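This briefing covers one protein chain, grouped by topic. Read it alongside the sequence and the coordinates.

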Amino acid sequence: MINRLQFSIDIKAEKTKIWKALWDEGSYRDWASVFFEGSYVVTDNWKEGSTVLFLSPDQRGIYSIIETHIPNKIMMFKHIGNVVEGKEQPIDEETKTWSGTTEIYTLTEGIDSNTLTVEIDVLDQHLEFMTITFPKALEKVKNNCG
């Protein structure tokens, strides 16, 4: 079953600085390492409509499409399928259970801070891990804005 989780953190930094902390390659690797050490991304400069590969050092992971990208405001990924040895795999029965799920990063302006909110669809078997790990990742993003 798919569960929709939501996490948010207030960050006292300009929205552009928070966006860079999320999506610049070095800082992305830093906060994504919380999920899997050595995680990285292959992207065409985060362009809307482009495919993104979210990978571990062994070139395994998932591929997604950037549905929406409004810089310093919203980034929405639609997850499609698995990646093995750096190659996008065809959709199989297992992948069908989660293909089409989304992950959305939103920045909202506040009075003396900005709020980063993440909404993510998660399968039951990943629910506990994501509930524990995502707040740690957001803390890293916040620390990278300091």
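The lining of the largest pocket divides by class into 19 nonpolar, 7 polar and 5 charged residues. The model is a predicted one. The points below take up that pocket, then helix α4, then selected residues in strands and loops.

**Largest pocket**

- The space in the largest pocket comes to about 960 Å³. Its lining is made up of 31 residues, and those closest to the centre are Phe 54, Gly 61, Ile 62, His 126 and Met 130.
- Several elements each supply at least two residues of this lining: α2, β3 (51-55), β4 (61-70), β5 (74-84), β7, β8 and α4.

**Helix α4**

- Helix α4 covers residues 124-143, which is 20 residues. From its first C-alpha to its last it reaches 30 Å, close to the 28 Å expected at 1.5 Å a residue.
- A kink of about 40° is present in α4, and Met 130 is at its centre. Met 130 is also listed with the residues closest to the centre of the largest pocket.
- The buried residues of α4 include Met 130, Thr 133, Phe 134, Ala 137, Leu 138 and Val 141.
- An α-helix has 3.6 residues a turn, so residues three or four places apart point the same way.
- The cover over the buried residues of α4 includes two other helices, α1 (15-23) and α2 (25-32). Strands β1 (2-11), β7 (102-109) and β8 (114-123) are also part of that cover.

**Leu 138 and Ile 9**

- Leu 138 is a residue of helix α4. Its relative accessible area is 2%, under the 20% cut-off, so Leu 138 counts as buried.
- Setting aside residues up to four places away in sequence, Leu 138 touches Phe 7, Ser 8, Ile 9, Leu 116 and Val 118.
- Between Leu 138 and Val 34 there are 9.6 Å in space, C-alpha to C-alpha, although the two are 104 residues apart in sequence.
- Ile 9 sits in strand β1. This residue is buried too, because its relative accessible area is 10%, under the 20% limit.
- Ile 9 has contacts with Asn 114, Thr 115, Leu 116, Leu 138, Glu 139 and Lys 142, again not counting residues up to four places away in sequence. Leu 116 is thus touched by Ile 9 and by Leu 138.
- Asp 30 is 21 residues from Ile 9 in sequence, and their C-alpha atoms are 17 Å apart.

**Asp 121**

- Asp 121 belongs to strand β8. With a relative accessible area of 18%, Asp 121 is under the 20% cut-off and therefore counts as buried.
- Residues up to four places away in sequence aside, Asp 121 touches Ile 2, Asn 3, Arg 4, Thr 101 and Thr 102.
- The C-alpha atoms of Asp 121 and Thr 102 are separated by 5.8 Å, and the two residues lie 19 residues apart along the chain.

**Loop residues with positive phi**

- Most residues other than glycine have a negative phi.
- Asn 72, which is not a glycine, has a positive phi of about 65°. Asn 72 is located in the loop between β4 and β5.
- The relative accessible area of Asn 72 is 22%, between the 20% and 50% limits, so the residue is partly exposed.
- Glu 85 is not a glycine either, and its phi is positive at about 50°. The loop between β5 and β6 (87-88) holds Glu 85.
- Glu 85 is exposed because its relative accessible area, 59%, is over 50%.

Terms used
Residues numbered from 1 in each chain as written. Predicted model: local features only at pLDDT ≥ 70, side-chain atom pairs only at ≥ 80, totals over all residues. Heavy atoms only, no water. Helix = DSSP H or I, 4+ residues; strand = E, 2+ residues; numbered from the N terminus. Expected span 1.5 Å × (residues − 1). Bend = angle between axes of the 7 residues up to and from the residue. Buried < 20%, exposed > 50% of the residue type's maximum accessible area, 1.4 Å probe, protein only. Contact = heavy atoms within 4.5 Å. 1 Å grid on protein atoms, 1.4 Å probe; cavity = no way out; pocket = protein on both sides within 12 Å on 5 of 7 lines; lining within 4 Å. Points joined across faces, edges and corners; volume = space filled by probe spheres on them. Nonpolar A, V, L, I, M, F, W, Y, C, P; charged D, E, K, R; others polar.
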